[in-house]
Amino acid sequence: MKLLTAALLLLFIAMCLTSAEGVKCKCSRKGPKIRFSNVRKLEVKPRYPFCVEEMIIVTLWTRVRGEQQHCLNPKRQNTVRLLKWYRVWKEKGR
């Protein structure tokens, strides 16, 4: 009976871990330097146990390539400026 309970508990834990969004770090590579005017959407995701740092995902739009998503390094000065600019831009209701 104890073996069956332990097996079910392990199965439940495995199912929870596979369905969690933070199982894999989506930002393994950091994206290029970007123009603020091309930003369509900005997502800041918190640190997960499997990621060393928070994930900053930017959706860009250009005429040539269309929509693309890039990960940004949260420690770079350009990324910090982008976060400040985006918050101000969003507060203005644009």
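## Close-up views of a predicted model

**View 1. Contacts of Thr 59.** In this predicted model, Thr 59 touches Asn 38, Val 39, Arg 40, Lys 41, Glu 67, Gln 68 and Gln 69, leaving aside residues up to four places away in sequence. Thr 59 belongs to strand E2. Its relative accessible area is 5%, under the 20% cut-off, so Thr 59 is buried.

**View 2. The largest nonpolar core.** Ten residues make up this core, listed here in sequence order: Ile 34, Val 39, Leu 42, Ile 56, Val 58, Leu 60, Leu 72, Leu 82, Leu 83 and Tyr 86. Three elements each supply at least two of the core residues: strand E1 (39-45), strand E2 (55-62) and helix H2 (77-91). Nonpolar side chains tend to be buried together in soluble globular proteins.

**View 3. Surroundings of Ile 56, with a second core.** Ile 56 is one of the residues of the largest nonpolar core. With residues up to four places away in sequence left out, Ile 56 touches Cys 27, Leu 42, Glu 43, Val 44, His 70, Cys 71, Leu 72, Pro 74, Thr 79 and Leu 83. A separate, second core has 5 residues, among them Cys 27, Cys 51, Met 55 and Ile 57.

**View 4. A nonpolar surface patch.** Met 1, Leu 4, Leu 8 and Leu 11 form a nonpolar patch on the surface, about 480 Å² in area. Leu 4 sits in helix H1 (residues 2-19). Its relative accessible area is 51%, over the 50% cut-off, so Leu 4 is exposed.

Terms used: Residues are numbered from 1 along each chain as its sequence is written. This is a predicted model: local features need pLDDT of at least 70, side-chain atom pairs count only at pLDDT 80 or more; totals for chains, interfaces and linings use all residues. Side-chain values use heavy atoms; hydrogens and water are left out. Patches are made of residues with over 30% relative accessible area and no salt bridge: like charges are joined within 9 Å, nonpolar side chains (Val, Leu, Ile, Met, Phe, Trp, Tyr) within 5 Å. Accessible areas come from the Shrake-Rupley method with a 1.4 Å probe; for residues, only the protein chains shown count as cover. A salt bridge is a side-chain nitrogen of Lys or Arg within 4 Å of a carboxyl oxygen of Asp or Glu. Helices (H or I, at least four residues) and strands (E, at least two) are DSSP runs, numbered from the N terminus. Buried means under 20% relative accessible area, exposed over 50%, partly exposed in between (1.4 Å probe, protein chains only). A nonpolar core is a set of buried Ala, Val, Leu, Ile, Met, Phe, Trp, Tyr and Cys residues joined through side-chain atoms within 4.5 Å. Contact means heavy atoms within 4.5 Å.
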